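Please work through the exercises below with the sequence and the coordinates at hand. Each task is followed by a worked solution.

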Amino acid sequence: MNSILTLIITYIFNPILETSAGICAIKSMNHRSLRPTPADFIFYLSTILAVLLVPSEPAIFKWVFGLLLYLVYIFVTVEDTALNRFLLFMLTHGSIFLLQCILLGIMYFIFRIEAFNGTGISLLGNFLTFVSAAAFFQLPFAKHLFDYVKQASYLLRILTLNTYLVILFCLAFFKIYPQ
């Protein structure tokens, strides 16, 4: 029974919570209703299928495939220029990553957790990420973050893009070499 619960948490609950945090961020920055749409359900289903079907080793495959799913979701659901859609993708992924880092630090210092690879800890982390994303993106500054970047000069957009790419390569490095 315990192994079935572990599989359900790993392959269903965790992807749904992570996807929900991203959808909440995307919809809030686009000033859209948080009510689920058919595209959201397709995104949930494709994320769960990706977790089940994409090889686990090396872990970079699932991560890159997840990024591609987010990018496709944004290009399908957001009506804007390609550069603005990509900027929204970067802001969403960067914001969720920063929230996860902050929560990881809080979990480390409050709960004194040294190994973050347990099923319960990953479920707690993903749940807290979803709750914090839902709360954070209701703040006026966070809701209008995408608007601020869209109205910025072209140079600032390119600077944002380059900064994100550096962060992306650092994340890729730590996904490939987790030790």
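The exercises that follow concern a predicted model.

**Exercise 1. Fold content and overall dimensions**

Task: Determine which secondary structure elements the protein holds, and compare its radius of gyration with the globule rule.

Solution:
- Step 1. The protein contains eight helices and zero strands.
- Step 2. Read from the N terminus, the order of elements is therefore α-α-α-α-α-α-α-α.
- Step 3. The radius of gyration is 16 Å, close to the 16 Å that the globule rule gives for 179 residues, so the protein is as compact as a globular protein of that length.
- Step 4. The C-alpha trace spans about 55 × 35 × 30 Å along the principal axes.

**Exercise 2. Burial, contacts and surface**

Task: State what share of the residues is buried, how contacts are distributed along the sequence, and what the accessible surface comes to.

Solution:
- Step 1. Of the 179 residues, 38% are buried.
- Step 2. Taking contacts between residues at least 6 apart in sequence, 71% join residues at least 24 apart.
- Step 3. The accessible surface amounts to about 10800 Å², and carbon and sulfur atoms account for 74% of this area.
- Step 4. As for charge, there are 10 positive and 7 negative side chains, and the centres of these two sets are 5 Å apart.

**Exercise 3. The cysteines C24 and C101**

Task: Explain why C24 forms no bond with the closest cysteine sulfur.

Solution:
- Step 1. A disulfide is a covalent bond between the sulfur atoms of two cysteines.
- Step 2. The cut-off for such a pair of sulfur atoms is 2.5 Å.
- Step 3. The closest cysteine sulfur to that of C24 belongs to C101 and lies 19 Å away, which is too far for a bond.
- Step 4. The structure as a whole holds zero disulfides.
- Step 5. The surroundings of each cysteine can be added: C24 is buried, at 5% relative accessibility, whereas C101 is partly exposed, at 36%.

**Exercise 4. The backbone at H31**

Task: Establish what is notable about the phi of H31 and where H31 is found.

Solution:
- Step 1. Most residues other than glycine have a negative phi.
- Step 2. H31 is not a glycine, yet its phi is positive, about 60°.
- Step 3. H31 is located in the loop between α1 (2-29) and α2 (38-53).
- Step 4. With 43% relative accessibility, H31 is partly exposed.

**Exercise 5. P140 and M29**

Task: Is P140 buried or exposed, and what separates its C-alpha atom from that of M29?

Solution:
- Step 1. P140 belongs to helix α6, residues 140-143.
- Step 2. Exposed requires over 50% relative accessible area; P140, at 58%, therefore counts as exposed.
- Step 3. P140 and M29 are 111 residues apart along the chain, and their C-alpha atoms are separated by 9.8 Å.

Conventions:
Residues numbered from 1 in each chain as written. Predicted model: local features only at pLDDT ≥ 70, side-chain atom pairs only at ≥ 80, totals over all residues. Heavy atoms only, no water. Helix = DSSP H or I, 4+ residues; strand = E, 2+ residues; numbered from the N terminus. Rg over C-alpha atoms; globule rule 2.2 N^0.38 Å. Buried < 20%, exposed > 50% of the residue type's maximum accessible area, 1.4 Å probe, protein only. Contact = heavy atoms within 4.5 Å. Areas by Shrake-Rupley, 256 points an atom, 1.4 Å probe, with all protein chains shown as cover. Lys, Arg positive; Asp, Glu negative; His and termini not counted. Charge placed at Lys NZ, Arg CZ, Asp CG, Glu CD.
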